[in-house]
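User: I would like to learn how to read the features of a two-chain model. Please go through them in order, with the general idea first and then the case at hand.

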Amino acid sequence: MKARKIYNRISVLRQERGISRKELADAVGINFQTVGYLERQEYNPSLDLAFRISEFFGFSVEFVFSVAPMRPLSEVIHQRNGGTGEGNPRV
Amino acid sequence: MKRVFSQHTNRRLVIINYTALLLMNVCFYLVTEYSIDHHVFDVIGLGSIIITIITFVPVHIRTGFWKQVHSDAESLDERQLQVTHQSVAQSYAWFTVICLIIILADALMARFTSGFRFIITVPLGGSLIYLAHSLPSSILAWTETIESIPDSPETSV
């Protein structure tokens, strides 16, 4: 059976926190090459690994991983703010 | 930063590595069996051994694939375990086919060529042992995307 592709936000979250792939890999107990595979979405993690990564970033699993393509975080924040254009310079 | 070659370069090096190994065996066979007293074959044979050793280092050692396929399961993560298992299974199939081809070629040559005498020489035996040990690592070098150890968070995605 062919597995579904699992999308994730690991790359965005990692760069946002300013940590390297090696640091993330060491924190969750995997090889740094595996982080690269996860970020490129070329490898589907096990449930245990998905939980470990989510716990490391302090988010729920469904926020970090999804079976549907991830929306950009800026779009999610904009929608949560009611799409009012909050954060834009006022004229 | 630990320097490793790209997947494309590694594939070329794998081909060069095994071609040199084959060439070394052919030269050794011609020199010992047909008593060819020509230094060209000695030079090609020795050169092939040196090329095999030189290409072995970047493909198997620098990439860490040799260590990976010879490690305990406990020291590998889930993806490494998965790809190592696949590479070992594939290399087993390849090694079986290669051995059967050698046996078949020997049988056909003995049948249709007069005076042909096939022997398992020391280099051939050594080459088969090397092949059995290096094939899983070579398959990983062929299939895996290789990255250098990152220094900064801004690693290419």
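**Reading the two chains**

Analyst: Begin with the inventory of elements: chain A comes to six helices and two strands. This is a predicted model. In order along the sequence, the elements of chain A run β-α-α-α-α-α-β-α.

User: What pattern does chain B follow along the sequence?

Analyst: Chain B follows α-α-α-α-α, with five helices and zero strands.

User: How are burial and contact range read for a whole chain?

Analyst: Burial is read from relative accessible area, with under 20% taken as buried. In chain A, 40% of the 91 residues count as buried. In chain B, buried residues make up 34% of 157. Contact range is read from sequence separation. For chain A, 60% of the contacts between residues at least 6 apart join residues at least 24 apart. For chain B, residues 24 or more positions apart account for 80% of the contacts with a separation of 6 or more.

User: What do carbon and sulfur atoms supply of the area that each chain exposes?

Analyst: Chain A exposes about 5,600 Å², and carbon and sulfur atoms supply 53% of that area. Chain B exposes about 9,700 Å², with 69% supplied by carbon and sulfur atoms.

User: And the dimensions and charges of chain A?

Analyst: Taken along the principal axes, the C-alpha atoms of chain A fill a box of roughly 50 × 35 × 20 Å. Chain A carries 13 positive and 10 negative side chains, and the centres of these two sets lie 5 Å apart.

User: How do I read the length of a helix, using α1 of chain B?

Analyst: Compare the span between the end C-alpha atoms with the span expected at 1.5 Å a residue. Helix α1 of chain B covers residues 7–33, 27 residues, and reaches 39 Å, close to the 39 Å expected.

User: Which elements do the buried residues of α1(B) pack against?

Analyst: They pack against α2 (39–62) and α5 (122–143) of chain B. Among these buried residues are B:Asn10, B:Leu13, B:Asn17, B:Tyr18, B:Met24, B:Cys27 and B:Tyr29. After the helix comes B:Ser35, whose phi is positive, near 50 degrees.

User: What sign of phi do most residues other than glycine have?

Analyst: Most have a negative phi. A second positive case to look at is A:Gln41, with phi near 60 degrees. A:Gln41 is in the loop between α3 (32–39) and α4 (47–57) of chain A.

User: Why does A:Asn8 count as buried?

Analyst: A:Asn8 counts as buried because its relative accessible area is 9%, and the cut-off is under 20%. A:Asn8 is found in strand β1 (residues 7–8) of chain A. A polar atom of the A:Asn8 side chain lies 2.8 Å from the backbone oxygen of A:Leu38. Beyond residues up to four places away in sequence, A:Asn8 touches A:Leu38, A:Glu39, A:Gln41, A:Val64, A:Phe65 and A:Met70.

User: Is A:Glu62 buried or exposed?

Analyst: A:Glu62 is exposed, because its relative accessibility is 61% and the cut-off is over 50%. A:Glu62 lies in helix α5 (residues 61–64) of chain A. Sequence distance and spatial distance are read separately. A:Glu62 and A:Asn8 are 54 residues apart along the chain, and their C-alpha atoms are separated by 9.1 Å.

User: Which residues of helix α4 in chain B can serve as further cases?

Analyst: One is B:Ser91, which is found in α4 (residues 78–112) of chain B. B:Ser91 is buried, with a relative accessible area of 6%. The side chain of B:Ser91 reaches the backbone oxygen of B:Val88 at 2.9 Å. Leaving aside neighbours within four places in sequence, B:Ser91 is in contact with B:Leu135, B:Pro136 and B:Ile139.

User: Which residues are in contact with B:Leu81, leaving aside its neighbours within four places in sequence?

Analyst: They are B:Ala73 and B:Leu76. B:Leu81 also has its place in helix α4 of chain B. At a relative accessible area of 38%, B:Leu81 is partly exposed. The C-alpha atoms of B:Leu81 and B:Gln68 are separated by 8.9 Å, with their positions 13 residues apart along the chain counted as separation.

Note on methods. Residues are numbered from 1 along each chain as its sequence is written. Chains are lettered from A and ligands numbered from 1 in the order in which they are written. This is a predicted model: local features need pLDDT of at least 70, side-chain atom pairs count only at pLDDT 80 or more; totals for chains, interfaces and linings use all residues. Side-chain values use heavy atoms; hydrogens and water are left out. Helices (H or I, at least four residues) and strands (E, at least two) are DSSP runs, numbered from the N terminus. The expected span of a helix is 1.5 Å times one less than its number of residues. Buried means under 20% relative accessible area, exposed over 50%, partly exposed in between (1.4 Å probe, protein chains only). Contact means heavy atoms within 4.5 Å. A polar contact is a pair of N or O atoms within 3.5 Å; within protein, one must be able to donate a hydrogen and the other to accept it, and residues adjacent in sequence count only if both atoms are side-chain atoms. Accessible areas come from the Shrake-Rupley method with a 1.4 Å probe; for residues, only the protein chains shown count as cover. Lys and Arg count as positive and Asp and Glu as negative; His and the chain ends are not counted. The place of a charge is taken as NZ of Lys, CZ of Arg, CG of Asp or CD of Glu.
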